[in-house]
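Work through the exercises below with the structure in view. Try each task before reading its solution.

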Amino acid sequence: MKKYNVGIIGYGWAAGAHIDAINATDKAQVTAVYSSRTLDEAEVSRKHGSKIRVFTDLDAMLADPDIQVIDISSYPSQHSAQAIAVANAGKHLILEKPMANTLQECRDIVAAAEKNGVKGCVCFECRFSNQFTVTNSVIQEGLLGDLHYAEVDYYHGIGPWYGQFRWNTGKKDGGSALLTAGCHALDSLLMFMGTEVEAVSSVSTKSRSDIFAPYEYDTTSVTLLHFKGGKVGKCASVVDCLQPYYFHTHLVGSHGSLLDDKFHSNKLHTDKKGWSKLSMKMLDSGDVSDHPYTNQFQAFFDALDENKDMPLTSLRESLKSFEVIFAADKSAEEGGRLVKLSEMK
Ligand SMILES: NC(=O)c1ccc[n+]([C@@H]2O[C@H](COP(=O)([O-])OP(=O)(O)OC[C@H]3O[C@@H](n4cnc5c(N)ncnc54)[C@H](O)[C@@H]3O)[C@@H](O)[C@H]2O)c1
């Protein structure tokens, strides 16, 4: 048996991808699932190729001493109560995005984990994608120089063809264009810039198409980020578009630029009239089976072995992204007012 036994809360679309990804690491296996629905234990075990116990009582799963890690893949409005219960039960935590749909709840989750000495992994798995691993290397090798401007935008039409639509249209679970999905783009932008945000300004709107009419909130937003030291960034989150999935990344620095999988660098003396191409696996799909969860979960279990916070997507690191996201949503609600991060304290 591998070292960590993982119990899953919620047995939906993301959970299915998590189970396969956790089982694909060399340190953990899924041994339990909690669902409010009645699931057939034999069927669930057969589907994932190993013995999985099915719980209908969350407290019973949390009380099981053989489980060391709990993975929360439930509705966003359930995340905070469940995550705090997990931390209080002394289990480490994998938490799907959004951490929660209010900033206070996100902070309460981090406080509960720290109080109980447990570690966390937030599913900002794009940070572990091949595309962004290569992009980070291009930055770290100094090929772009010092970044002063970056745009990272998320275009993904989440309409009735998408399973989440049944709950994602509601404010309670969907939250906002950033909370429901664009958070991946904003989180990645913060990783690339590597500097603290001082203030944000955001405006939002929604498509006139009947397809997206059920949404209770604005499904397009664009946020300007003012970083400490004067750098600036932009993040559009568009979940009501009719086009292929597109994660737009444009980074501009003192030695060159990167646009998605293309770059120019004065350091390499490439010809500025044309882009040079990087070969990498692009983030070009909203399908969870294409997401780089295995790399992320492996990094989490490796960090648990050393009793350290995981790199890139620990609870504390991800909380920083949510502080910016909630400041942006506050700005959009107030018609684009410049909101200082210090106001969110
Ligand atoms: N990181 C990512 O890129 C990514 C991608 C997809 C989802 N997510 C997140 O994962 C979480 C779950 O999203 P999801 O796409 O798995 O949603 P889902 O609708 O498949 O599952 C959500 C919840 O509904 C329950 N559920 C599913 N089908 C049900 C049914 N027929 N009857 C009753 N309950 C049912 C699930 O057990 C789960 O608790 C959310 O927080 C979401 O934001 C993240």
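The model is predicted.

**Exercise 1. The two domains**

Find how far apart the C-alpha centres of domain 1 and domain 2 lie, then describe the side of domain 1 that touches domain 2.

Solution.
- Start with the centres. The C-alpha centres of domain 1 and domain 2 are 27 Å apart.
- Next, set the bounds. The domain assignment gives 4–125 + 293–311 as domain 1 and 128–285 + 321–344 as domain 2.
- Now count the contacts. On domain 1, 15 residues are in contact with 15 residues of domain 2.
- Look for the elements involved. Helix H5 (103–116) and H10 each give two or more residues to the side of domain 1 that touches domain 2.
- H10 supplies the largest share of that side, with 3 residues.
- Last, sort that side of domain 1 by type: 9 residues are nonpolar, 4 polar and 2 charged.

**Exercise 2. A helix pair**

Determine how helix H1 and helix H10 pack, and which residues make the contact.

Solution.
- Locate the helices. H1 covers residues 13–24, and H10 covers residues 293–305.
- Take the geometry. The helices pack at about 55°, and their axes are 8 Å apart.
- Classify the angle. Angles of 65 to 115 degrees count as roughly perpendicular and those under 35 as roughly parallel. An angle of about 55° fits neither class, so H1 is oblique to H10.
- Add the hand. H1 and H10 cross in the right-handed sense.
- List the residues. H1 brings Ala17, His18, Ala21, Ile22 and Ala24, while H10 brings Tyr293, Thr294 and Phe297.
- Sort them by type. The contact of H1 with H10 has 6 nonpolar residues, 2 polar and no charged.

**Exercise 3. The open sheet**

Give the strand order of the 9-stranded sheet, name its edges and find the helices packed on it.

Solution.
- Read the order. The 9 strands run E14-E13-E12-E11-E7-E10-E9-E8-E15, with mixed pairing in an open sheet.
- Find the edges. Strand E14 (276–277) and strand E15 (339–340) each pair on one side only.
- Check one edge. E14 pairs with strand E13 (residues 262–265) in the antiparallel sense, over 2 bridges. There, Phe263 stands opposite Ser276 in E14.
- Place one helix. Helix H9 (residues 177–193) packs on the sheet and touches E7, E8, E9, E10 and E11. The direction of H9 makes about 155° with that of E7.
- Place another. Helix H11 (residues 315–333) also packs on the sheet, touching E8, E9 and E15. The direction of H11 makes about 50° with that of E8.

Key
Residues numbered from 1 in each chain as written. Predicted model: local features only at pLDDT ≥ 70, side-chain atom pairs only at ≥ 80, totals over all residues. Axes fitted to C-alpha atoms, helices over the stretch in contact; angles between N-to-C directions. Helix = DSSP H or I, 4+ residues; strand = E, 2+ residues; numbered from the N terminus. Parallel < 35°, antiparallel > 145°, perpendicular 65-115°, else oblique. Left-handed = near helix turned anticlockwise from the far one by under 90°. Contact = placed C-beta atoms within 7 Å. Nonpolar A, V, L, I, M, F, W, Y, C, P; charged D, E, K, R; others polar. Domains from an automatic or database assignment. Pairing = 2+ DSSP bridges.
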